[in-house]
Amino acid sequence: PPGYAAFIAGDSSLPSAVPFSASTADAADSNSTHWSPAHSSALYRIDGWGAPYFSVNNAGNITVRPYGTDTLAHQEIDLLKIVKKVSDPKSVGGLGLQLPLIVRVPDVLKNRLESLQSAFESAIQAQGYESHYQGVYPVKCNQDRFVVQDIVKFGAPFRFGLEAGSKPELLLAMSCLCKGNPEALLVCNGFKDAEYIFLALLARKLALNTVIVLEEEEEVDLVIEISKKLSVRPVIGVRAKLRTKHSGHFGSTSGEKGKFGLTTIQVLRVVKKLQDSGMLDCLQLLHFHIGSQIPSTALLQAGVVEAAQIYSELVRLGADMKVIDIGGGLGIDYDGSKSGNSDLSVSYGLQEYASAVVNAVRFVCDRKSIKHPIICSESGRAIVSHHSILIFEAMSATAPTTPAMNQVDLPFILEGLSEDARVDCWNLSQAAMRHETETCFVYADQLKQRCVEQFKEGTLGIEQLAAVDGLCDLVSKVVDASEPARTYHINLSIFTSIPDFWSIGQIFPIVPIHRLDERPEVRGILSDLTCDSDGKIDKFIGGETSLPLHGLEGNGGGSSGGANGRYYLGMFLGGAYQESLGGVHNLFGGPSVVSVSQSDGPYSFAVTRAAPGPSCGDVLRVMQHEPELMFETLKHRAEEFCGQDHGNEGTHAALVSTIARSFHNMPYLVVASPCSL
């Protein structure tokens, strides 16, 4: 083609970038205006998913508002100050804990409980409902001892109880409720054997307000038999399979083919067995569960109306019904979109949820002229998600590899290329001059593939292959005018700390906790420490495949924001399920954990509880290894191979001490100078 000979001779150069149009220039002028924390708040949607518990202060740091909308300005807790207090050495007044870190804020937990209770009380009063709300917390959401104990303590004034789904969870709930309100419900869900039912009946004997919810028809036979042996009059509930189905990811447990519950035929058979045993009066609770993250109140009301109809029929059949347990499903807004068509969001708030439930139950009961039941819910995700923040550090980032225009050595690139590859190179240049973006990508990909094949055959050197990669990257940047996303390496295991992202694609808000008064100049994905290709986060709220981030120190970074050159990110709304589901892939254990309460001191907070994360020895024990024996083996080996040189006894002792210390340290990386070892 015309000009091809000159191109092959290296006389042609790549086109320059497209000149700015007037509108582009205006946008550039707009982008050059002062960046403020308000800009970051809007960029990361913090007011959408974080209100009323998270905001950005004037210093550009994320703060926790422990009392929600009632939090005063001086009561806000700066997350960066918590990180500094926790991670600073003990010699300077810190706690000396290593990141990653879970920050728990019990004040937020208390506010969530009170807000849920207040929403139902308001709905009950407004609609003239003639009973009360009495919730339970499903401990499977977060079984941490202090979380469960706090919920029992904070919920005692309004009879808030617990729900268990296994024998260890039942033992946990029994123990905690011994210090709770005696009227608090202990709801026993899940599949049961004789031992489970024995423990539940024993709990009733211990004056705990226990309800055994039948998940399978056969369980009623065990309850009848064991209760008679123990001379305990049980309180029984049934879990019904509703026709109302939640179509989202979390709705797989709903509908007629759901995993849990009894069909109408099975419910009637249970009623008959209890009647024949003279125990129909023991049937007092109806339970159902549409699924987690119910997206809209329309779906919620449809399910509650169906369940309330079943409840009224059980009353008609002679059961001494008192409680309708609507299960879980109260969702939270992970992406701030307030959408009813997404697994990441819900289109309602606490008050709309409570009003919809109360209205549906009241409507059916009034139509059937039956007494209004106690309303119970198992809202775990909505209670614990906000109070826990995972904080981790970005250790490094991949540097941009695109060469400058004057660094492209075209004659060197063309030297050694096959004729087909040279034609691709020519076509790529021509498409770039015409600014045909899609065509450029096609020829660039084709050129790369040909060069890789030549490299495999040994006819192209690695220097030329790298030069071709640089050329293609440069053309891509010229025609697309966008910087490719960088990879930020984070000191974290996604499999351990954010397992729902890896397993079901659950997306959580992730935001830098500082430097939000600076414009984030790059976009990045997050790559964890594990030796696993799935150990990365490349999906973010808003449908984004990369996250706006700031440059790191020494890599185009700006100011450190008071973080000593470190760059900290926070994952929010992860207080439910993540800790209990996390594994030990690559033997990375859980994070350090601190509890923080609002205080009137100079920093607005006090650390009330602190625990380091599992050590290398701890995670080795999980896999049946014995760290003490392992250390002795390595110590003897060191004596055999490193302790023979006379005069080096001190070096040998230091070596053994370092091995011992490694068993006691967390598996995560430590940023320190090499000489500090």
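Helices and strands here are DSSP runs, numbered from the N terminus. The model you are looking at is predicted, so let's work through it one exercise at a time.

**Exercise 1. Place R159 and describe its backbone and exposure**.

Step 1: Find the flanking elements. R159 sits in the loop that connects α7 (145-155) with β6 (161-164).

Step 2: Look at the backbone. R159 is not a glycine, and its phi is positive, near 60 degrees.

Step 3: Judge the exposure. Partly exposed covers the range between under 20% (buried) and over 50% (exposed). R159 counts as partly exposed because its relative accessibility is 24%.

**Exercise 2. Do the same for S604: is it buried or exposed?**

Step 1: The loop between β20 (592-598) and β21 (605-611) holds S604.

Step 2: This serine also has a positive phi, about 70 degrees, although it is not a glycine.

Step 3: With a relative accessible area of 12%, S604 is buried.

**Exercise 3. Find where the cis peptide bonds at P52 and P100 lie**.

Step 1: Start with P52. The peptide bond leading from A51 to P52 is cis, and its omega is near 0 degrees. P52 belongs to the loop between α4 (46-50) and β1 (54-56).

Step 2: Move on to P100. L99 and P100 are joined by a cis peptide bond with omega about 10 degrees. The loop between α5 (79-87) and β4 (101-104) contains P100.

**Exercise 4. Map the strand partners of β16**.

Step 1: Take the parallel partner. Strand β14 (residues 486-490) pairs with β16 in the parallel sense over four bridges. R486 has G524 in β16 as its bridge partner.

Step 2: Turn to β18 (residues 547-549). This strand runs antiparallel to β16, and three bridges join them. Here V522 has L549 in β18 as its bridge partner.

Step 3: Add β17. The pairing of β16 and β17 is antiparallel, over two bridges, and S527 stands opposite K536 in β17.

Step 4: Check how covered the strand is. Five of the six residues of β16 are buried, so by the under 20% cut-off the strand is mostly covered.

**Exercise 5. Locate C531 and decide: is it buried or exposed?**

Step 1: Consult the record. In an unreviewed entry, UniProt lists C531 under "active site".

Step 2: Place the cysteine. C531 lies in the loop that links β16 (522-527) to β17 (536-537).

Step 3: Apply the cut-off. Exposed means over 50% relative accessible area. C531 has 72%, so this cysteine is exposed.

How values were computed
Residues numbered from 1 in each chain as written. Predicted model: local features only at pLDDT ≥ 70, side-chain atom pairs only at ≥ 80, totals over all residues. Heavy atoms only, no water. UniProt positions renumbered as here; feature names shortened; annotations may be inferred. Buried < 20%, exposed > 50% of the residue type's maximum accessible area, 1.4 Å probe, protein only. Pairing = 2+ DSSP bridges.
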